[in-house]
Amino acid sequence: MTKVKICGLKNQTDIKCINTLSPDFAGFVMFFEKSHRNISPEKAQKLLSALDPNIKSVAVTVSPTEEQLEQIHTLGFDYVQIHGKISEKLLSECKTPVIRAINVSGIESIGNIENLDNVKGILFDSAVPGSGKSFVWSMLEKLPKTDKMLFLAGGLTADNVAKAVAQLRPFAVDVSSGVELADKSGKDFELVRTFIENARNSK
């Protein structure tokens with residue numbers, strides 16, 4: 001069964017939603033001030049303490065520094081999701097298991113991270129991460145086999161996730177803007193519920 005990651009959680013109401021609906025992963029945007037979903041380390045600590053421990057926590061970052069990665073490790077996140085640029089040295093030395101995000105336009109770089117033991121997953125996102133826009137999923141149909149967890153992100157909604165799962169059978173699907181309230185103040189309980197059901201029940 002395809003697993004589900006709900007990303008961009010930012011308040012206690014979101015945590016209550018997630019704890020009730022039980023996705024497999026919960027994502028928190030860290031150290032990225034441009035995003036309205038960005039939260040401080042202090043807030044992250046409070047939200048993590050309230051999160052169901054059976055749900056894996058993921059710190060979502062863009063080109064993090066060594067100090068930021070150390071802070072994420074200290075907070076106790078299960079994974080760190082890394083977008084943007086990062087040196088292979090820093091990537092290999094990261095103490096927290098890594099989910100490396102790749103824009104579909106950069107698929108050729110997969111080979112560089114395949115051999116890094118602490119990179120546990122690869123997340124495929126649209127050309128503009130966080131835009132809520134999807135890409136042509138068929139681009140991923142001929143990916144080489146890998147032992148890494150493969151996450152599909154970018155423009156997924158409750159309406160199209162079942163089709164995406166049926167076409168690609170990814171390890172997990174990832175959603176943020178597709179399940180937000182209209183005012184972007186947090187997650188929409190019914191959209192999250194429907195997204196999880198459609199992802200898990202896809203034939």
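## Helix 3: two faces

In this predicted model, the face of helix 3 turned away from its buried side carries three exposed residues: Glu-66, Glu-67 and Thr-74. The helix itself spans residues 66-75. Its buried residues are Gln-68, Leu-69 and Ile-72. Viewed down the axis of helix 3, the buried residues fall within an arc of 100 degrees, so they line one face of the helix. The general rule behind such patterns is simple: an α-helix has 3.6 residues a turn, so residues three or four places apart point the same way.

What covers the buried residues of helix 3? The cover includes strand 4 (56-62), strand 5 (79-83) and helix 4 (88-93). Just after the helix comes Gly-76, which takes a positive phi of about 95 degrees.

## Helix 1: buried and exposed sides

Helix 1 covers residues 12-21. Asp-14, Ile-15, Cys-17, Ile-18 and Leu-21 are its buried residues. Seen down the axis of helix 1, they fall within an arc of 160 degrees, so they line one face of the helix. Thr-13, Lys-16 and Thr-20 are exposed on the other side.

Several elements pack against the buried residues of helix 1. These are strand 1 (3-6), strand 2 (25-30), helix 2 and helix 7 (189-200).

## Helix 1 against helix 2

Two packed helices are described by the angle between their axes and the distance between the axes. For helix 1 and helix 2 (residues 41-50), the axes come within 10 Å and cross at roughly 25 degrees. Angles under 35 degrees count as roughly parallel, so helix 1 is roughly parallel to helix 2. The crossing of helix 1 past helix 2 is right-handed.

Which residues meet here? Helix 1 brings Gln-12, Ile-15 and Asn-19, and helix 2 brings Lys-46, Leu-47 and Ala-50. By class, this contact has 3 nonpolar, 2 polar and 1 charged residues. Ile-15 appears both in this contact and among the buried residues of helix 1.

## Gln-167 in helix 6

Gln-167 lies in helix 6, which runs over residues 161-168. Is Gln-167 buried, exposed or partly exposed? Its relative accessibility is 33%, so Gln-167 counts as partly exposed; the partly exposed class lies between under 20% for buried and over 50% for exposed.

Gln-167 can also be placed relative to Trp-137. The two are 30 residues apart in sequence. In space, C-alpha to C-alpha, Gln-167 and Trp-137 are 8.0 Å apart.

Key. Residues numbered from 1 in each chain as written. Predicted model: local features only at pLDDT ≥ 70, side-chain atom pairs only at ≥ 80, totals over all residues. Heavy atoms only, no water. Buried < 20%, exposed > 50% of the residue type's maximum accessible area, 1.4 Å probe, protein only. Helix = DSSP H or I, 4+ residues; strand = E, 2+ residues; numbered from the N terminus. Arc of directions from axis to C-beta. Contact = heavy atoms within 4.5 Å. Axes fitted to C-alpha atoms, helices over the stretch in contact; angles between N-to-C directions. Parallel < 35°, antiparallel > 145°, perpendicular 65-115°, else oblique. Left-handed = near helix turned anticlockwise from the far one by under 90°. Nonpolar A, V, L, I, M, F, W, Y, C, P; charged D, E, K, R; others polar.
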